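This report goes through one protein model, helix packing before individual side chains. Please keep the sequence and the 3D view at hand while reading.

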Amino acid sequence: MPEAKIKLSESGAVAEDIFDDPELALHSKCVSVEQTVQNGILPVEKALEIYRVSKTAYYTYLAKKHLDGIVNETNSHSQKDQVISTIGIVEAMISMSFAALSPRKIAGIISRLADFSKEVEEDKVNLNSFRQ
């Protein structure tokens with residue numbers, strides 16, 4: 001039984017850390033929203049309301065999560081190649097997600113992304129300004 005008590009106190013300490021750190025608490029809530037929506041329990045709007053997470057915070061969480069995955073999948077020795085690969089993936093995501101809604105507007109966005117990619121390739125963009 002003492003083993004169970006230790007595990008419980010460790011869990012309690014982790015929970016305290018989460019609730020004491022606003023960034024960790026928000027991340028935890030975003031994970032809960034994501035799982036709730038993925039499991040079909042609630043639509044995203046209702047899950048955001050229940051967990052008290054703003055759309056902006058949740059969409060930022062999703063964007064960072066997916067961007068981290070994209071960066072890992074397209075890892076390159078060159079920062080320029082990494083940016084160009086990421087732009088290409090964003091183009092494909094936008095095309096697949098929204099093309100049926102307004103093909104003309106989406107084509108304009110894709111064209112701008114392609115122009116940006118070309119500027120990166122031609123070293124017309126200072127990539128150091130993108131570092132976090």
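Axes here are lines fitted to C-alpha atoms, for helices over the stretch in contact, and angles run from 0 to 180 degrees between N-to-C directions. The model is predicted.

## Overall make-up

The protein chain contains 6 helices and 0 strands. Its pattern, read along the sequence, is α-α-α-α-α-α.

Of the 132 residues in the protein chain, 20% are buried. The exposed surface of the protein chain comes to about 10100 Å², and 57% of that is supplied by carbon and sulfur atoms. Among the contacts with a separation of 6 or more, 36% join residues 24 or more positions apart.

## Packing of H2 and H4

Helix H2 covers residues 22-38, and helix H4 covers residues 55-73. The two pack with their axes 10 Å apart and at an angle of about 85°. Angles of 65 to 115 degrees count as roughly perpendicular, and H2 and H4 are therefore roughly perpendicular to each other. On the H2 side the contact is made by Leu26, His27, Cys30, Val31, Val33 and Glu34, and on the H4 side by Ala57, Tyr58, Tyr61, Leu62 and Lys65. By class, the residues of this contact are 8 nonpolar, 1 polar and 2 charged.

Is Glu34 of this contact buried or exposed? Its relative accessible area is 6%, so Glu34 is buried. Glu34 lies in helix H2. Apart from neighbours within four places in sequence, Glu34 is in contact with Tyr58, Tyr61, Leu62 and Lys65. These four residues are also named on the H4 side of the helix contact.

## The tyrosine cluster

How many aromatic pairs does the structure hold? There are 2 aromatic pairs. In one of them, the rings of Tyr58 and Tyr59 have centres 6.2 Å apart and planes at 45°, so this pair is tilted. Tyr58 and Tyr61 form a stacked pair, at 6.1 Å centre to centre with 25° between the planes. Planes under 30 degrees apart count as stacked and those over 60 as edge-to-face, with the rest as tilted. Together, Tyr58, Tyr59 and Tyr61 make one aromatic cluster.

Why are Tyr58 and Tyr61 separated by about one helical turn? Because they are 3 residues apart in helix H4. Both Tyr58 and Tyr61 are buried. The relative accessibility of Tyr58 is 4%, so it counts as buried. Tyr59, at 44% relative accessibility, counts as partly exposed.

## Packing of H5 and H6

Helix H5 spans residues 79-98, and helix H6 spans residues 103-121. Their axes come within 9 Å and cross at roughly 175°. Angles over 145 degrees count as roughly antiparallel, which makes H5 roughly antiparallel to H6. From H5 the contact is made by Lys80, Val83, Ile84, Ile87, Val90, Glu91, Ile94, Ser95 and Phe98. From H6 come Ile106, Ile109, Ile110, Leu113, Ala114, Phe116, Ser117, Val120 and Glu121. The classes in the contact of H5 with H6 are 13 nonpolar, 2 polar and 3 charged residues.

Arg112 is a residue of helix H6. With a relative accessible area of 61%, Arg112 is exposed. Its C-alpha atom is separated by 9.7 Å from that of Glu91, and the two residues are 21 residues apart along the chain. Glu91 is one of the H5 residues that make the contact with H6.

## Residues with positive phi

Most residues other than glycine have a negative phi. Arg52 is not a glycine, yet it has a positive phi of about 55°. Arg52 sits in the loop between helix H3 (44-51) and H4. At 72% relative accessibility, Arg52 counts as exposed.

Asp123 is not a glycine either, and it has a positive phi of about 60°. Where is Asp123 found? Asp123 is in the segment after H6. Its relative accessible area is 58%, so Asp123 is exposed.

How values were computed: Residues are numbered from 1 along each chain as its sequence is written. This is a predicted model: local features need pLDDT of at least 70, side-chain atom pairs count only at pLDDT 80 or more; totals for chains, interfaces and linings use all residues. Side-chain values use heavy atoms; hydrogens and water are left out. Rings of Phe, Tyr and Trp (its six-membered ring) pair if their centres lie within 6.5 Å; planes under 30 degrees apart count as stacked, over 60 as edge-to-face and the rest as tilted. Buried means under 20% relative accessible area, exposed over 50%, partly exposed in between (1.4 Å probe, protein chains only). Angles under 35 degrees count as roughly parallel, over 145 as roughly antiparallel, 65 to 115 as roughly perpendicular and the rest as oblique. Contact means heavy atoms within 4.5 Å. Ala, Val, Leu, Ile, Met, Phe, Trp, Tyr, Cys and Pro count as nonpolar, Asp, Glu, Lys and Arg as charged, and the others, Gly among them, as polar. Accessible areas come from the Shrake-Rupley method with a 1.4 Å probe; for residues, only the protein chains shown count as cover.
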